[in-house]
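These are my notebook entries on one structure. I looked up its helices, its sheet and two of its loops.

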Amino acid sequence: MNFLRWGAFWLGMGLFGLLLPHAAWASPPIPLTSQEESILFNLNYMAPVDLSPKRVHVEVYIPPLPELASFSRRWPQVWLRVQAFYARMNIYLEQSPAGAAPGPLAPGKRLRLEVLTQKEWLARTFKAFNVAPPFQLRFLKVCENKYAFAHLPLSVVHFSYKRFQDCVLHNEQGTEAQNVAWLANLVIHELGHLFGLYHSYEFSNDPVQDFLPDGKTPNFMSQHLTSPVDMGFVEFQKVMAHSYLSGGKVFRQFQYVELDPLRHLDLLKKYNSYREPSKQTSKRRAKSKAFGDYTEDDDDDDD
Ligand SMILES: [Zn+2]
C-alpha cells in the first residue's frame with residue numbers, strides 16, 4: 001500500500017468528517033448488495049443527467065507573500081481561462097472572497113484553491129493525507145514531481161506555486177501567455193478532480209483517453225498540461241461532471257465511497273470491466289512530465 005493510497009484510505013475513513021459542512025457526508029453510507037453496487041457504478045446507464053448550467057463558487061486564497069506576488073499578478077488572466085474552459089462544459093465558476101481560513105465549503109458547490117509556498121504546501125499536504133512525522137521523509141519522494149493535490153473530502157486544491165514556477169514556467173521574453181495558459185491548465189485539471197473526474201490514463205478501454213479523437217488536443221485530465229494547444233474534454237466527462245454537480249449518479253457513487261477517489265476508481269473498474277493500461281505504457285508515461293495529485297500510483301512505493 002503506498003502512501004497516497006494510505007492517505008486516501010484515512011481520508012475515506014472520515015477523519016475529516018467533522019470538517020465537512022454537508023450532513024450527508026458525515027454519516028456512513030448504507031451498505032449495498034453487489035447487485036445494487038453494480039447498478040450504481042455502471043457508467044453505461046447514466047440517464048437522465050441534468051445538464052443544465054451549474055454554478056460553482058471557488059474561494060481563491062493567495063497569501064500576500066513576495067514569492068507569490070507574480071501569481072497574484074497573473075491570476076486575473078489565469079482565472080479568465082479557467083472560467084472559459086468550464087463555460088464550454090456549461091459549468092460557471094464564480095470567485096468568492098477568501099480569508100486565511102476556509103469559508104463554508106461544500107463538495108461540488110463551494111470549493112477552495114490555496115496557492116502556497118513549497119514549505120506551506122508540504123505542511124498542508126502532510127496534514128490532508130494525515131502523514132505522521134516518521135513517514136514524512138518518505139512521502140517527500142512521492143511529492144517530488146508534483147505541484148498540486150486536489151482533496152475531494154476537503155473540497156480544497158493545494159498548489160505549490162513557487163515550485164511550479166521554478167520547474168515549469170519560463171522567464172524568457174515572449175513566454176508570458178504560455179505561462180498563463182499552463183497555470184490555467186493546472187487549475188482546470190485540479191478542479192476537474194473536485195467535479196468527480198478521474199485521470200484520462202486510468203483505463204485503456206473507457207471513453208476518456210489522453211488525447212481527443214482528433215489525436216492532438218490533450219484531454220484536461222491527462223498529464224499533458226504544458227501542451228502548446230488548448231486542452232479539451234469528451235462528452236462523457238461533461239456528463240460525469242454534471243451528474244456529480246447535480247447530485248446525480250456520480251455524486252451518489254462518491255457518497256457511497258465517502259469521497260475516496262481510489263475506492264471510486266476500483267468500483268468503476270470492477271463494474272464497467274475497465275482495464276488498466278499495460279505496465280509498459282505506464283512506465284513510458286511516468287517518464288513524461290507529471291502533475292500529480294491524489295490518485296497517482298507509484299509501484300515503487302508499494303509496501
Ligand atoms: Zn490529476
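Entry 1, helix 6. I found Pro134, Leu137, Arg138 and Lys141 exposed on one side of helix 6, where exposed stands for 12 or fewer other C-beta atoms within 10 Å of the residue's own, buried for 20 or more, and partly exposed for what lies in between, with C-beta atoms placed from the backbone. On the other side of helix 6 (residues 133–143), I noted Phe139, Val142 and Cys143 as buried. These three lie on the same side of the helix because they cover an arc of only 80° around the axis; the arc is that of the directions from the helix axis to the C-beta atoms. An α-helix has 3.6 residues a turn, so residues three or four places apart point the same way.

Entry 2, conventions. The model is predicted, so I recorded that local features need pLDDT of at least 70 and side-chain atom pairs pLDDT 80 or more, while totals for chains, interfaces and linings use all residues. Residues are numbered from 1 along each chain as its sequence is written. Helices (H or I, at least four residues) and strands (E, at least two) are DSSP runs, numbered from the N terminus.

Entry 3, the sheet. I looked up an open sheet of five strands, in the order 2-1-3-5-4 and with mixed pairing; strands pair if DSSP finds at least two bridges between them. Strand 2 (91–96) and strand 4 are the edge strands, each pairing on one side only. From one strand to the next, the twist averages 20°. Strand 4 and strand 5 are antiparallel and share four bridges. I saw His151 opposite Val156 of strand 5.

Entry 4, a residue in a loop. Is Ser155 buried or exposed? I found Ser155 buried, with 26 other C-beta atoms within 10 Å. Ser155 lies in the loop between strand 4 (148–151) and strand 5 (156–160). Its phi is positive, about 60°, although Ser155 is not a glycine.

Entry 5, a second loop. I located Leu259 in the loop between helix 10 (249–256) and helix 11. Leu259 also has a positive phi, near 60°, in a residue other than glycine. Leu259 is buried, with 24 other C-beta atoms within 10 Å.

Definitions and conventions: Axes fitted to C-alpha atoms, helices over the stretch in contact; angles between N-to-C directions.
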